[in-house]
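This briefing takes up cysteine pairing, two residue environments and one helix face in turn. Please read it alongside the sequence and the coordinates.

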Amino acid sequence: MAESQGDGTAGGTRGGQYSGPAAHAPEPVHDHHDDPAFITRTKFLTGVAVVTGGVMTAAILVPVVGFAAADALKEEPWQWVDCGPLSDFPDGKTTSIAVSGPYPESDRRAFVRNGDGALTAIWNRCAHLGCPVSYSAGSDAYACPCHGGAYDSSGRVVGGPPPRPLDRFDIKLVTAAGKDIARQESPAAGCSTSGAPADARVLIGRPFSVDKDLKPYALHGPGESVTGVLSHLYPF
Amino acid sequence: MATTNIGPKNPAVKAGEAALDYVDQRTGVTTGAKWFLFRNIPAETSWFQTLGFTAMALFGMQAITGIILAMYYKPDPNSAYQSIDTITNDVTWGFLVRGMHKWGASAMIVIVFLHMGRVFFFGSYKYPRELTWVTGAILLIMTMFMGLTGYLLVWDQKAYWATVVAVNITASAPIIGPYIADILRAGPEFGPQTLSRFYSIHMLVIPGGMATFIGLHMFLVAKLGIAEPPYSKRRMAVERSEEEARRAAENERLPYGRREVPASTPQPVKAEGRS
């Protein structure tokens with residue numbers, strides 16, 4: 001009997017044993033639970049649980065992720081650093097000085113070159129993958145110990161994998177009182193030393209990247225090209 | 001069991017069985033262990049299929065030795081190298097535990113790749129085991145990341161610059177690479193924050209993820225069973241009979257896969273059909 005109620009046919013049973021009239025023709029039942037738009041207690045409580053769980057998870061994860069990542073994405077603040085008097089950088093020589101980086105382990109150095117009446121400062125971070133390059137006075141060239149990157153005296157790539165020349169630091173000459181004597185007009189020309197007194201202070205500032213014609217660009221990370229198709233890989 | 005009942009049991013055995021019964025009645029742990037361990041496996045299962053367990057055993061060894069090493073290691077740039085020197089040269093068996101951790105790490109990379117090669121060449125990644133492969137690939141990435149983060153913790157020149165290079169390689173990924181590198185090294189430059197960050201990732205973040213995914217991986221292996229090797233006699237017999245059926249179908253000059261549909265079997269008549 002229960003089965004014949006289900007399909008609503010009068011008189012039939014599934015086994016085919018009886019085919020007479022049904023003793024009781026059931027009324028069609030209207031049940032709200034059959035209506036997909038009707039919000040039952042179960043549906044409502046499931047929704048409440050999902051929303052509450054989502055809010056609780058977000059309340060934990062958002063501060064945690066921000067705490068872990070936000071400060072790491074801040075840019076490094078760069079400021080002018082006094083590197084000593086001009087007499088410390090003899091004419092025609094390249095002098096290696098430690099630049100006050102955030103951590104001593106990073107071995108951040110600048111190669112300050114005084115030649116052709118101008119000062120330039122090259123960062124020792126290899127443009128390939130960030131190893132510290134060393135300067136060889138004999139060949140007047142820079143070499144990276146990690147993957148054989150080789151640079152000439154102005155930091156241009158002469159061999160190995162680096163995609164761009166060595167990065168430069170901004171450099172300027174000021175008086176002891178802090179007044180500018182000369183600034184760096186272009187990376188190729190450098191900071192002119194003509195007429196500067198021997199006790200003028202050499203200041204090193206924000207680094208920047210250069211292309212192979214020594215045209216300045218914003219500072220790029222190691223391995224990034226500043227020109228060509230590959231320079232569009234890092235749009236932000 | 002009833003056929004081997006030859007008299008009263010040893011009271012100690014009885015007490016043990018009672019304790020096991022007590023736990024099993026409340027947790028079903030015996031049923032679960034039997035489901036997990038006493039499975040049917042293909043006849044040709046061989047030493048090749050033990051590589052996965054080897055990788056898991058190495059993970060266990062790395063976990064245990066790593067927990068002990070963390071009791072002596074100091075994740076601070078001024079004392080990290082010194083503390084490792086102390087572990088290696090002063091602490092009793094420190095050289096041994098550190099050596100197990102160091103060589104176990106290399107062995108784990110080797111074994112994990114051999115395991116992946118076995119799965120690949122046996123075709124064990126095919127239906128229905130695709131998700132076992134995917135969880136295994138995630139485990140591989142996490143294993144490599146463990147290698148990267150653990151390498152820095154020694155904090156000598158080789159560790160430092162090798163990790164600088166590795167993170168700069170990460171930074172060279174297009175678009176998001178520089179951001180991932182900044183988050184990894186906690187800023188634009190390697191420093192004390194980087195060391196403690198790598199230490200936390202190495203001993204808390206990734207091991208938790210690895211334990212989770214090893215659990216999922218093992219569940220899938222137990223649920224789906226071990227795949228038949230391609231040289232299995234049964235498998236080859238199936239393939240041979242399939243090949244024979246294909247040839248026979250060709251001989252009948254019927255295109256393969258379009259054989260004549262056999263006469264349909266009579267369907268049971270529905271109740272409405274009767275009157």
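The model is predicted, and the points below are grouped by topic. Over all chains, the count of disulfides comes to one, and that link joins C131(A) to C146(A).

**The disulfide in chain A**

- The sulfur atoms of C131(A) and C146(A) are 2.0 Å apart, and the link is left-handed, with -85° about the S-S bond.
- The pair links distant parts of the chain, since C131(A) sits in the loop between β4 (118–123) and β5 (134–136) of chain A, while C146(A), 15 residues apart from C131(A), sits in the loop between β6 (141–143) and β7 (150–151).
- C131(A) is buried, with a relative accessible area of 1%, whereas C146(A) counts as partly exposed at 33% relative accessibility.

**Cysteines without a bond**

- The closest cysteine sulfur to that of C144(A) belongs to C126(A) and lies 3.7 Å away, which is too far for a bond because a disulfide requires the two sulfur atoms to be within 2.5 Å.
- C144(A) counts as buried, at 7% relative accessibility.
- C191(A) is in no disulfide either, the nearest cysteine sulfur being that of C83(A) at 12 Å; C191(A) also counts as buried, with a relative accessibility of 0%.

**Surroundings of H220(A)**

- H220(A) lies in the segment that follows β13 (216–217) of chain A, and its relative accessible area of 18% makes it buried, because the cut-off for that class is under 20%.
- A polar atom of the H220(A) side chain lies 2.6 Å from the backbone oxygen of A218(A).
- Leaving aside neighbours within four places in sequence, H220(A) is in contact with R125(A), R164(A), D167(A), S209(A), S225(A) and V226(A).

**Surroundings of P161(A)**

- P161(A) is found in the loop between β8 (157–159) and β9 (168–174) of chain A, where P161(A) is partly exposed, with a relative accessible area of 37%.
- Not counting residues up to four places away in sequence, P161(A) touches H128(A), H147(A), G148(A) and G149(A).
- From C-alpha to C-alpha, P161(A) and Y18(A) are 90 Å apart in space, and they are 143 residues apart in sequence.

**The buried face of helix α4 in chain B**

- Helix α4 (residues 80–89) of chain B has A80(B), S83(B), I84(B) and I87(B) as its buried residues.
- Seen down the axis of α4(B), these buried residues fall within an arc of 100°, so they line one face of the helix.
- Among the elements that cover the buried residues of α4(B) are α3 (51–70), α5 (94–121) and α9 (192–224) of chain B.

Notes:
Residues numbered from 1 in each chain as written. Chains lettered and ligands numbered in written order. Predicted model: local features only at pLDDT ≥ 70, side-chain atom pairs only at ≥ 80, totals over all residues. Heavy atoms only, no water. Helix = DSSP H or I, 4+ residues; strand = E, 2+ residues; numbered from the N terminus. Buried < 20%, exposed > 50% of the residue type's maximum accessible area, 1.4 Å probe, protein only. Polar contact = N/O pair within 3.5 Å; in protein donor to acceptor, adjacent residues only side chain to side chain. Contact = heavy atoms within 4.5 Å. Arc of directions from axis to C-beta.
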